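Student: Can you walk me through this one? I'd like to go residue by residue.
Tutor: Sure. Have a look first, then we'll start with a definition.

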Amino acid sequence: MTDGLHTPADLYRRMRLIRGFEELALRLVKSGEIVGGIHPYIGEEAVAVGVCAALADHDLITSTHRGHGHVLAKGSDPSRMLAELAGRETGLNRGRGGSMHAADVAVGILGANAIVGAAAPIAVGAAWAAQRSGSGKVVATFFGDGGLNQGVLLEALNLAALWQLPVLFVCENNGYATTMPTATGVAGNAVGRAEAFGIPAVTVDGMDVEVVRDAAVLAADRARRAEGPALIEAMTYRFGPHHTMEFRIRLSYRTQEEIDEWRRRDPLDIQGGRIAAGQRARLDAEIAEILAEAERFALASPRPDPAGALDYLYASGMVARGGVA
Ligand SMILES: Cc1ncc(C[n+]2csc(CCOP(=O)(O)OP(=O)(O)O)c2C)c(N)n1
Ligand SMILES: [Mg+2]
């Protein structure tokens, strides 16, 4: 099990970390410290934390454009993640990856991916390597309901089923792909896609972290027993915008009533209700301190030297376009 995700309080604490991190990131987008905007994960915390609670530290994940929650759930350092968003040299990827490309191989994060659906085949490749090497690692890949319509996801499901690879496909169904409701854009459904390939699949309440965790434990255990892939569709909701750009353009694709309805099932309150009020308050205060330190660290860190903009393009260390070594 991922370090620090054992008890009901641990699950709450990690979700609180993600919620607070995203609120802080939103503030830094508004103040201009984070350039280019973000896709906030607020409302969906139970999915990332529930799935990562079923993984071991050495297990791997691949993530999406809405990936901050996955990165923090798997165990990345919030200070270095925030520095990454703020484009600082101390960031997880030296400030060169940013919001949609955060990777932290040391804790099993092979990378977020801005291309919808494109993280799935990377997970399948990693699972194939795990199978061949006998490492015993399981790979979880997150994607949205919009990802269901990408051909590459079907190719990934096919190979994972064919070769019985240890992959956990996690569909975060938040009801929309940008502004398009799932019902308007998706024929069939996530479970049907998986079952067409003989992959066991289940739809769960994505607002309850323990429900997600229990489904993920079953799927991860199957994968560890070499019984092949599984798919979990977690029904969830983003409380905020698709992207921070949405603060500047008025869109009317969902009603306030619908948002309020989902907010009544806030995953933090569902899990927070399972721990004592005093303990919840202590955890909230602890997270607030961690995030204050993350902000201080990120904003005090230097920006990369523009002369090194082309560094680290190649894993081999090859110099890009004759630039600086
Ligand atoms: C291949 C591809 N097509 C289009 C886009 C533009 N795009 C970015 S996010 C997004 C919606 C994705 O919806 P979903 O997969 O449901 O994830 P969510 O944003 O709801 O978390 C789209 C169409 C993209 N990044 N990649
Ligand atoms: Mg979606």
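Tutor: One term before we begin. Buried means under 20% relative accessible area, exposed means over 50%, and partly exposed is in between. Also keep in mind that this is a predicted model.

Student: OK, let me try it. Is alanine 194 buried or exposed?
Tutor: Buried. Its relative accessible area is 0%, so alanine 194 falls under the 20% cut-off.

Student: Where does alanine 194 sit?
Tutor: In helix 8, which covers residues 190-196.

Student: And which residues is alanine 194 in contact with, leaving aside neighbours within four places in sequence?
Tutor: Ile199, Ala201 and Leu231. As for isoleucine 232, its C-alpha atom is separated from that of alanine 194 by 9.4 Å, with the two positions 38 residues apart along the chain.

Student: New topic. Where does ligand 1 sit?
Tutor: In the largest pocket.

Student: Which residues come nearest to ligand 1?
Tutor: There are 15 residues around ligand 1, and the nearest are His65, Arg66, Gly146, Asn174 and Tyr176.

Student: What does glycine 146 offer the ligand?
Tutor: A polar backbone atom. That atom of glycine 146 is 2.8 Å from an oxygen atom of ligand 1.

Student: And tyrosine 176? What part of it lies 2.8 Å from a ligand oxygen?
Tutor: A backbone N or O atom of tyrosine 176.

Student: What about histidine 242, backbone or side chain?
Tutor: Side chain. A polar side-chain atom of histidine 242 lies 3.5 Å from an oxygen atom of ligand 1.

Student: How much of ligand 1 does the protein bury?
Tutor: 71% of the 580 Å² that ligand 1 exposes when taken alone.

Student: You mentioned His65 and Arg66. What else touches them?
Tutor: Histidine 39 does. Not counting residues up to four places away in sequence, histidine 39 touches Glu22, His65, Arg66, Met100, His242 and His243. Its side chain also reaches the backbone oxygen of histidine 65 at 3.5 Å.

Student: Where is histidine 39, then?
Tutor: In the loop between helix 1 (8-30) and helix 2 (45-52).

Student: Why does histidine 39 count as buried?
Tutor: Because its relative accessible area is 8%, and buried means under 20%.

Student: Which histidine has its C-alpha 8.6 Å from that of histidine 39?
Tutor: Histidine 68. The two are 29 residues apart along the chain. Histidine 68 lies in helix 3, residues 68-74.

Student: Is histidine 68 buried or exposed?
Tutor: Buried, with a relative accessible area of 0%.

Student: What does histidine 68 touch?
Tutor: Phe21, Glu22, Ile38, Met81, Leu85 and Ser99, again not counting residues up to four places away in sequence. With glutamate 22 there is a polar contact, side chain to side chain, at 2.7 Å.

Student: Glu22 came up earlier, right?
Tutor: Right. Histidine 39 touches Glu22, and histidine 68 touches Glu22 as well.

Student: Switching again. What is unusual to note about phi in glutamine 164?
Tutor: Phi is positive, about 50°, although glutamine 164 is not a glycine. Glutamine 164 is in the loop between helix 6 (151-162) and strand 3 (167-173).

Student: And threonine 178, what is its phi?
Tutor: Near 60°. That is a positive value in a residue other than glycine. Threonine 178 is in the loop between strand 4 (176-177) and strand 5 (180-181).

Student: Why do we call both partly exposed?
Tutor: Partly exposed runs between the 20% and 50% cut-offs. Glutamine 164 has a relative accessible area of 36%, so it counts. Threonine 178 counts because its value is 39%.

Student: Last one. Where is arginine 94?
Tutor: In the loop between helix 4 (78-85) and helix 5 (119-133). At 38% relative accessibility, arginine 94 counts as partly exposed.

Student: What is arginine 94 in contact with, neighbours within four places aside?
Tutor: Glu84, Arg88, Glu89, Pro304 and Tyr312. Arginine 213 is another matter. Its C-alpha atom is separated from that of arginine 94 by 32 Å.

Notes
Residues are numbered from 1 along each chain as its sequence is written. Chains are lettered from A and ligands numbered from 1 in the order in which they are written. This is a predicted model: local features need pLDDT of at least 70, side-chain atom pairs count only at pLDDT 80 or more; totals for chains, interfaces and linings use all residues. Side-chain values use heavy atoms; hydrogens and water are left out. Helices (H or I, at least four residues) and strands (E, at least two) are DSSP runs, numbered from the N terminus. Buried means under 20% relative accessible area, exposed over 50%, partly exposed in between (1.4 Å probe, protein chains only). Contact means heavy atoms within 4.5 Å. A polar contact is a pair of N or O atoms within 3.5 Å; within protein, one must be able to donate a hydrogen and the other to accept it, and residues adjacent in sequence count only if both atoms are side-chain atoms. A residue is near a molecule or strand if one of its heavy atoms lies within 4 Å of it. Accessible areas come from the Shrake-Rupley method with a 1.4 Å probe; for residues, only the protein chains shown count as cover. On a 1 Å grid over the protein atoms alone, a cavity is a set of points where a 1.4 Å probe fits but cannot get out, and a pocket is an open set with protein on both sides within 12 Å along at least five of seven lines; lining residues have an atom within 4 Å of a point. A molecule sits in a cavity or pocket if more than half of its atoms lie within 2 Å of its grid points.
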